[in-house]
Amino acid sequence: MLTPPPPIASPHGGLEPVRTRADLTVLGQIEAQARTRITLTIPSTVIDPDTPPISLPMVDFRLHVMRAPGPMRDRAWRHLAEAARAHRGDWNLYALGVAYPKLRTQANRLAAYLAPGPAAQAHYTLAIEFLFALHRLDLTTPQLFPRLTDAAYTHASGRKRQHPPPLYDLDALPDDRIPRAEHGNPEHDAHLDDANQETVHDVLNRLVAQANTRTGRQTISDTQAALIRRTYLNGDTLRAVAADLHLSEPSASKQRTRAATTIARLLGRHDLIEPTPTRPAARYDPPERR
């Protein structure tokens, strides 16, 4: 069972209790163990071969990976996953510590309306499913970290069990109810599988193209699409993405909101559109009569 880190020795002698951490959940305890108990490091050249080689403990490695461009992030996670598969143990804990910010966000969604006991179990399940994905998924394809966390959330939430893909018994259906495809092969659309399902990145690219084709101008700019892709889909921080795109953080936030509103309208999800703030009407005081 996970336990809190030990008391810290005071420079004045004796022991002082550590400050209470804001996150006392299961994932918070796992992150604390990774941060305070393990001494493993990864060379910085794993992320960027052109940088001076330095040893990165878990927290430093996490910060570097969060700020790295996509291909470098993939290379770093591939190295970490291979180490975890080869040695397990503390390397599994190291990987959970690096993934902690994204896993904690997902855990908030899973446990939002749960009692303390089931909420703690949801954290355990998410951590276990992440390790299953770390040891099971193909490491050679791009967007490795989003695929790991998405697989963990899918299994931990029961999303696949709740929404099974629709399957049709074509022999039992009357002709007028058989789904038709433009290419004349109804079975291709009747059975959804990995070959014909869109990824979230495919959906984003399609919506961006749709928005820009409809109006005849670039409604969603490349910069706005990058903001949506990297912050909402890849889990990067807005501050890091804004710096990469040479934008101020407030400007990046406004551009991301405009693009998200356009995408919500294209999806017919008006409930996702933030209401336009209204200014209070100016007060009119009639002049006093003399």
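The exercises below work through a predicted model of one chain, each with a stepwise solution.

Residues are numbered from 1 along the chain as its sequence is written, and side-chain values use heavy atoms, with hydrogens and water left out. Local features need a pLDDT of at least 70 and side-chain atom pairs count only at pLDDT 80 or more, while totals for chains, interfaces and linings use all residues.

**Exercise 1. Confidence and overall make-up**

Task: State the confidence of the model and describe the chain as a whole.

Solution.
- Step 1. pLDDT is the predictor's confidence in each residue, from 0 to 100. The chain averages 79, and 70% of the residues score at least 70.
- Step 2. Residues 1-5 stay under 50 in pLDDT, and the model has 11 contacts for them beyond four places in sequence; a contact means heavy atoms within 4.5 Å. Residues 10-18 are also below 50, with 11 contacts beyond near neighbours in sequence.
- Step 3. The chain has 12 helices and 4 strands. These are DSSP runs numbered from the N terminus, helices being H or I with at least four residues and strands E with at least two.
- Step 4. Of the 290 residues, 36% are buried. Buried means under 20% relative accessible area, exposed over 50%, and partly exposed in between (1.4 Å probe, protein chains only).
- Step 5. The accessible surface is about 18,900 Å², with 54% belonging to carbon and sulfur atoms. Areas come from the Shrake-Rupley method with a 1.4 Å probe; for residues, only the protein chains shown count as cover.
- Step 6. Among contacts between residues at least 6 apart in sequence, 56% join residues at least 24 apart.

**Exercise 2. Salt bridges around Glu31**

Task: Trace the salt bridges of Glu31 and place each partner.

Solution.
- Step 1. A salt bridge is a side-chain nitrogen of Lys or Arg within 4 Å of a carboxyl oxygen of Asp or Glu. The count by this rule is 6.
- Step 2. Arg35 pairs with Glu31 at 3.3 Å, N to O. The two are 4 residues apart in helix H1 (residues 26-36), so about one helical turn separates them.
- Step 3. Glu31 is buried because its relative accessible area is 4%, whereas Arg35 at 35% is partly exposed.
- Step 4. Glu31 also meets Arg62 in a salt bridge, again given as 3.3 Å, N to O. Glu31 lies in H1 and Arg62 in helix H2 (residues 58-67), so this pair ties together parts 31 residues apart in sequence. Arg62 is buried, at 12%.

**Exercise 3. A network with Arg73**

Task: Which residues are joined with Arg73 into one network of salt bridges?

Solution.
- Step 1. The side chains of Asp236 and Arg73 form a salt bridge of 2.9 Å, N to O.
- Step 2. Asp236 sits in the loop between helix H10 (222-233) and helix H11 (238-244), and Arg73 in helix H3 (residues 70-87); the pair is 163 residues apart and links distant parts of the chain.
- Step 3. Asp236 and Arg73 are both buried.
- Step 4. Through shared partners, salt bridges join Arg73, Arg230, Asp236 and Asp244 into one network.

**Exercise 4. The largest nonpolar core**

Task: Identify the residues that touch the most other members of the largest nonpolar core, and the elements that supply it.

Solution.
- Step 1. A nonpolar core is a set of buried Ala, Val, Leu, Ile, Met, Phe, Trp, Tyr and Cys residues joined through side-chain atoms within 4.5 Å.
- Step 2. The largest has 45 residues, and Phe61, Trp77, Leu80, Tyr94 and Phe130 touch the most other members.
- Step 3. H1, H2, H3, helix H4 (90-110), H5 and helix H6 (144-157) each supply at least two residues of this core. H4 gives the largest share, 11 residues.
- Step 4. Beyond its neighbours within four places in sequence, Phe130 contacts residues including Trp77, Leu103, Phe145 and Ala152.
- Step 5. Another core, of 9 residues, lies apart from this one; among its members are Leu204, Ala211, Ile220 and Ala259.

**Exercise 5. Positive phi in loops**

Task: Locate Gln143 and His246, and state whether each is buried, partly exposed or exposed.

Solution.
- Step 1. Gln143, in the loop between H5 and H6, has a positive phi near 55° and is not a glycine. Gln143 is partly exposed, at 26% relative accessibility.
- Step 2. His246, in the loop between H11 and helix H12 (249-266), has a positive phi of about 60° and is not a glycine either. His246 is exposed, with a relative accessible area of 74%.
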